[in-house]
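Colleague: I should be grateful for a close look at a single part of this model, set within the chain as a whole. Please explain the terms as you go, as for a first-year student.

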Amino acid sequence: LPVLDTEGELVGMLTKSDIIRGFKAQSIRATQQLSAVLESTPSGIISIDKNHRIVFINPAAQKMLKFDPEKDIGRPIEELIPESVLIQDEVLIHGQRIRNRKHMRDGLSYVANAAPIFDGTEIVGAVASIQPISEYESMADELNLVKQLNSELDVVIESSYDGIFVTDGEGKLVQLNAACG
């Protein structure tokens, strides 16, 4: 293929192998980026093929579920997680997503989300992300503590005989006690 500059002058030739090398390099970069994301995410991620065989387990899922990728890649998911959201008809047959399904395995409570993997219009597998419920409980506990502290601060401000007003970083009034009138 000819390569032309902005004035339409021939400046080089592009061969099919040049195009293939470019696509291959771009594919390798995209694969490396996706791999880095999947390997570093704190959520457990597991994917299976349409025959229910495990094709991917990220480090977080390995740790949470005590999986060994050397032994478990290629095994049917039912052998490891019989109640897995990945094998639900909703996902693998009907192509629907499953959100926030609660599960328990070996004393670990977790929330699972699952989605089908498509090749065009054909479902070729499914992927699930899992998050321990303890993380949600920890966030809820922290939020409750913040609410409690905020409530206590409100009582302190309101019970003061001095006028107190609170502003945000832009100087906008956020709170004013009764003593301010």
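Modeller: A helix, as the word is used here, is a DSSP run of H or I with at least four residues, and helices are numbered from the N terminus. In this predicted model, helix α6 covers residues 133-159, and serine 151 has its place there. Let us take serine 151 as the part to examine, and then turn to two other residues.

Is serine 151 buried, partly exposed or exposed? Its relative accessible area is 41%. Serine 151 is partly exposed because this value lies between the limits of 20% and 50%. A further value places serine 151 relative to isoleucine 98: the two residues are 53 apart along the chain, and their C-alpha atoms are separated by 37 Å.

Serine 43 offers a second case. This residue is found in a loop, with α1 (16-40) on one side and β3 (44-49) on the other. Serine 43 has a relative accessible area of 19%, and it therefore counts as buried, the limit being under 20%. Which residues does serine 43 touch, if those up to four places away in sequence are left out? They are Asn58, Ala60, Met64, Ile130 and Gln131. With glutamine 131, the side chain of serine 43 also forms a polar contact of 2.6 Å.

Glutamine 175 may be described in a similar manner. Strand β9, comprising residues 173-176, contains glutamine 175. Its side chain is joined to that of aspartate 154 by a polar contact of 2.9 Å. Leaving aside residues up to four places away in sequence, glutamine 175 touches Asp154, Ile157, Ile164, Phe165 and Val166.

It remains to set these residues within the whole chain. The protein chain has six helices and nine strands. Its radius of gyration is 27 Å, whereas a compact globule of 181 residues would have a value near 16 Å. The C-alpha trace spans about 85 × 60 × 30 Å along the principal axes. Of the 181 residues, 26% are buried, and serine 43 is one of the buried residues. Among contacts between residues at least 6 apart in sequence, 29% join residues at least 24 apart.

The surface and the charges complete the description. The chain exposes about 12,500 Å², of which carbon and sulfur atoms supply 56%. There are 17 positive and 27 negative charges, and their mean positions are 9 Å apart.

How values were computed: Residues numbered from 1 in each chain as written. Predicted model: local features only at pLDDT ≥ 70, side-chain atom pairs only at ≥ 80, totals over all residues. Heavy atoms only, no water. Helix = DSSP H or I, 4+ residues; strand = E, 2+ residues; numbered from the N terminus. Rg over C-alpha atoms; globule rule 2.2 N^0.38 Å. Buried < 20%, exposed > 50% of the residue type's maximum accessible area, 1.4 Å probe, protein only. Contact = heavy atoms within 4.5 Å. Areas by Shrake-Rupley, 256 points an atom, 1.4 Å probe, with all protein chains shown as cover. Lys, Arg positive; Asp, Glu negative; His and termini not counted. Charge placed at Lys NZ, Arg CZ, Asp CG, Glu CD. Polar contact = N/O pair within 3.5 Å; in protein donor to acceptor, adjacent residues only side chain to side chain.
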